[in-house]
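Colleague: I'd like to learn how to read a ligand site. Could you walk me through one?

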Amino acid sequence: MKNWKKVLALVSVLLVAFSSAAFAAPPKTWVVGFSQIGSESEWRTADTISVQNAFNDDSSFILIYSDAQQKQENQIKALRSFIARKVDCILFTALVETGYGPVLQEAKDAGIPVVMIDRDVAEADRHLRLTIMGSDFVKEGEKAGNWLASYLKKKGLDDGKKQINIVELQGTTGSAPAIDRKVGFANILKDHPNWKITRSQTGNFTSSEGKAVMEAFLKADKNIQVLYAHNDQMALGAIQAIKEAGLKPGKDIIIIGVDGVKGAFEAIVAGEMNCTVECSPLLGPQAVQAISDLRDGLKLPARIYTIEGLFDETNALAALPTRQY
Ligand code: AHR
């Protein structure tokens with residue numbers, strides 16, 4: 001009799017477990033509107049593909065993709081159309097930091113959460129979005145500066161007195177990576193009174209503008225020891241300009257970029273570039289995870305960072321076959 005009771009109890013536990021597993025509601029399908037800034041670099045293309053693939057691989061999401069073609073007004077229009085369509089969540093990369101306050105307020109009033117990916121908005125508007133996932137751009141600038149200090153020391157190129165002339169190719173004016181990578185590099189520059197940024201101009205994160213600006217720098221002044229480019233794409237354009245000016249990139253001018261795109265690895269291996277600070281565009285899986293958590297009612301952390309490295313002559317060759325972008 002006792003055994004029968006035990007068997008019955010076990011059967012009923014199994015039945016409950018089986019029926020709740022069999023009838024557990026699948027996650028509600030969420031429509032996510034993704035406002036991307038454009039396709040100015042290899043990095044950006046890899047980022048877009050990563051996000052699209054990650055959402056397309058998860059059948060509980062429908063992704064609406066919008067390419068702003070580097071125009072802020074296109075992004076604002078896209079955000080307004082997402083709000084009108086009553087999407088469940090907005091995934092947003094801000095072309096520049098400012099100018100989105102009113103539209104973000106409209107999303108908030110409509111009860112639509114906004115998750116930033118890669119580029120954030122300015123401090124004053126951050127209360128209107130939930131979180132930001134991506135790289136720490138200030139840290140990237142600091143890594144570039146620290147790498148330069150140890151490279152100059154290793155090669156015996158800095159006696160602390162002779163002036164080291166550095167030219168800077170900035171990213172898109174007003175964008176988070178351009179602002180923060182400048183700040184990060186300047187944080188390290190402070191400790192090196194003989195380092196001077198002699199020229200600094202935007203190359204808009206593109207290879208063609210990076211080349212044109214570097215040509216102008218070299219026409220004005222050939223006394224340049226270092227190029228710090230806010231991304232690899234501009235550094236690769238500048239390498240062309242340096243070659244055309246009859247100089248050896250990577251030797252006559254030390255070249256530092258940011259991103260870690262394949263082209264930069266190949267240039268480092270060829271001895272034409274010296275360092276790339278990694279900034280990963282492969283943010284899609286993280287975005288899906290964060291928005292799934294949000295749908296499940298979890299609280300997202302205020303900032304979701306990616307883990308990134310730095311590559312130069314010591315490790316670029318070994319890492320090249322494993323690069324995904
Ligand atoms: O926002 C990330 C930056 O934007 C990348 O460094 C650059 O390549 C891209 O255009």
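Modeller: Sure, starting with a term: domain bounds come from an automatic or database domain assignment. Here, domain 1 (30–133 + 281–306) and domain 2 (137–279) each give at least three residues to the shell around the ligand. Keep in mind that this is a predicted model, where local features need pLDDT of at least 70, side-chain atom pairs count only at pLDDT 80 or more, and totals for chains, interfaces and linings use all residues. Residues are numbered from 1 along each chain as its sequence is written, and side-chain values use heavy atoms, with hydrogens and water left out.

Colleague: Which residues are around the ligand?

Modeller: A residue is near a molecule if one of its heavy atoms lies within 4 Å of it. Around this ligand you find Glu 40, Ser 41, Trp 43, Arg 44, Asp 118, Arg 119, Pro 177, Arg 181, Phe 205, Asn 231 and Asp 259.

Colleague: And which polar side-chain atom lies 2.5 Å from an oxygen atom of the ligand?

Modeller: A polar contact is a pair of N or O atoms within 3.5 Å. That polar side-chain atom belongs to Asp 259. For Asp 118, a side-chain N or O atom is 2.9 Å from a ligand oxygen, and for Arg 119 a side-chain N or O atom is also 2.9 Å from a ligand oxygen.

Colleague: How much of the ligand's accessible area does the protein cover?

Modeller: Accessible areas come from the Shrake-Rupley method with a 1.4 Å probe. The protein covers 100% of the 280 Å² that the ligand has on its own.

How values were computed
Polar contact = N/O pair within 3.5 Å; in protein donor to acceptor, adjacent residues only side chain to side chain.
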